[in-house]
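Q: Please take a close look at the side-chain contacts in this structure, and at the helix and loop positions that go with them. I would like one connected account, with the confidence of the model included.

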Amino acid sequence: MKKPTLSVILASYNYSKYIKSAICAIVQQSYEPLELIIIEDASTDNSLDILLEETKGLSYVKIMVHAKNQGILYVMNEGFSLAKGDFVYYAAADDIICPGLFEKSMNLLQKHPTTGVFCSNMGAFFQNNPSIFQEYPIKTPSKEFPKKEYFFSPNEVEILFQKTKLAIHGQCCIYNRPLIIQHGGFSSNLLALTDWYLAHKIALHQGMAYIPELLVLSRMNSQTYSAKAFRISKRHALNKKILQAIESESPVFQRKVKKSCLLIQLGIPMLISLLISPRYWNFLPSLLKKKCKNIHHKITHIFSHRHTLQNR
């Protein structure tokens, strides 16, 4: 069986203090990608100098330099349009990928070459200290499942969204490149939720490969693109765009979103957006039911923990 190939895309814009770490983590992977496409989006710092120095002599690296800043969503779609690999990974300049990400993911994808998307666990670190992080594993029905790599069929993905806190972390996603095109790419209209939307859409249609290991460390601070986009003052407008996108999809996908309770991942702000938008009220019953179950589970866990401590 032919081994699938991987294209890696890295966007660079005024991240000179982080870009070296990001590149080193990529080029030191045990699995060499087919190509590393770096798009330098007209930085005003010395990012380009660092890029050229750190990738010197690497034949699989391609550096595209913009004369004018185009923004992250433009760069994401440009990178995917240039990619030639069977699968594509978008690396953030301020994140750090862990050793083994490429090799482990591509070994799994070789076994399931038609899968829609791959993901793993993610670690979030603060204050520029990647040695201290909080791990975000994918939540599954049982604490014992899965302990090893696993392929979720589209039906299993739908059930997991419905019954668990399963959420695909965009920082860990490796996409099936033809399916990115088939499902419309990264919509600039969806802003910081564009990768969330595409990853979950592909997983619901074509399934998802998963490794229960921490393979990406993501930097968290209030100045990231996502943090700015998710500010409360902007959430309703963003939620409305998500709902409009779902409304424009096929009836099959709309049913999948409703049945899977996918929108509950966007929390209370999405529930509020739904409550004030009567045309989308058909989503509410299942979402409210799941939200109540989640709250009940948390309360039960808290009281159970207190009871255990009191009996010690």
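**Side-chain contacts and their setting**

A: Across the whole structure, which is a predicted model, the search finds 8 aromatic pairs. One of them joins Y15 and Y18: the ring centres are 5.7 Å apart and the planes meet at 40 degrees, so this pair is tilted. An angle of that kind falls between the limits, since planes under 30 degrees apart would count as stacked and planes over 60 as edge-to-face. The two tyrosines do not share a solvent class. Y15 has 26% relative accessibility and therefore counts as partly exposed, whereas Y18, at 10%, counts as buried.

A second pair is made by Y197 and F253. Their ring centres lie 6.2 Å apart and their planes stand at 80 degrees, so the geometry is edge-to-face. This contact links distant parts of the chain: Y197 belongs to helix α7 (residues 194-206) and F253 to helix α10 (residues 251-260), with the two positions 56 residues apart in sequence. Y197 and F253 are both buried. Elsewhere, ring pairs join F80, Y175 and F186 into a cluster.

Next come the charged contacts. The count of salt bridges is 9. One is formed by K104 and E213, whose closest N and O atoms are 2.6 Å apart. It too connects distant parts of the chain, because K104 sits in helix α4 (residues 101-111) and E213 in strand β10 (residues 208-220), 109 residues apart. Why are both partners classed as partly exposed? K104 has a relative accessibility of 32%, and E213 also has a relative accessible area of 32%; the partly exposed class covers what lies between the buried limit of 20% and the exposed limit of 50%.

Helix α10 returns in another salt bridge, the one between E158 and K259, where the closest N and O atoms are 3.5 Å apart. E158 lies in helix α5 (residues 154-163) and K259 in helix α10, so the bridge ties together parts that are 101 residues apart in sequence. The two ends differ in their surroundings: E158 is buried, with a relative accessible area of 9%, while K259 is exposed at 51%. This bridge is not isolated, for E158, K256 and K259 are linked in a network of salt bridges.

A further bridge brings together the side chains of R279 and E247, at 2.7 Å from N to O. R279 is in the loop between α11 and α12 (284-310) and E247 is in helix α9 (residues 232-247), so the pair ties together parts that are 32 residues apart in sequence. R279 is exposed, with a relative accessible area of 60%. E247 is partly exposed, with 37%.

The loop that holds R279 follows helix α11. In α11 (residues 267-275), the buried residues are G267, M270, L271, S273 and L274. Viewed down the helix axis, these buried residues fall within an arc of 160 degrees, so they line one face of α11. There is also a nonpolar patch on the surface, formed by I268, I272, L275 and I276, with about 390 Å² of accessible area together. Of these patch members, I272 lies in helix α11. I272 has 47% relative accessibility and therefore counts as partly exposed.

One loop position adds a separate spatial relation. L166 is found in the loop between α5 and β9 (174-176), and L166 is buried, with a relative accessible area of 2%. L166 and L262 are 96 residues apart in sequence, yet their C-alpha atoms are 9.2 Å apart in space.

As for confidence, the mean pLDDT of the chain is 87, and 86% of its residues reach 70 or more. The elements of the chain vary in this respect: strand β2 (residues 35-40) has the highest mean pLDDT, 98, and helix α8 (residues 225-229) the lowest, 54.

Technical notes
Residues numbered from 1 in each chain as written. Heavy atoms only, no water. Buried < 20%, exposed > 50% of the residue type's maximum accessible area, 1.4 Å probe, protein only. Helix = DSSP H or I, 4+ residues; strand = E, 2+ residues; numbered from the N terminus. Arc of directions from axis to C-beta. Patch = residues over 30% accessible without salt bridge, like charges linked within 9 Å, V, L, I, M, F, W, Y side chains within 5 Å. Areas by Shrake-Rupley, 256 points an atom, 1.4 Å probe, with all protein chains shown as cover. Salt bridge = Lys/Arg side-chain N within 4 Å of Asp/Glu carboxyl O. pLDDT = per-residue confidence, 0-100. Phe/Tyr/Trp six-rings, centres within 6.5 Å; stacked < 30°, edge-to-face > 60°.
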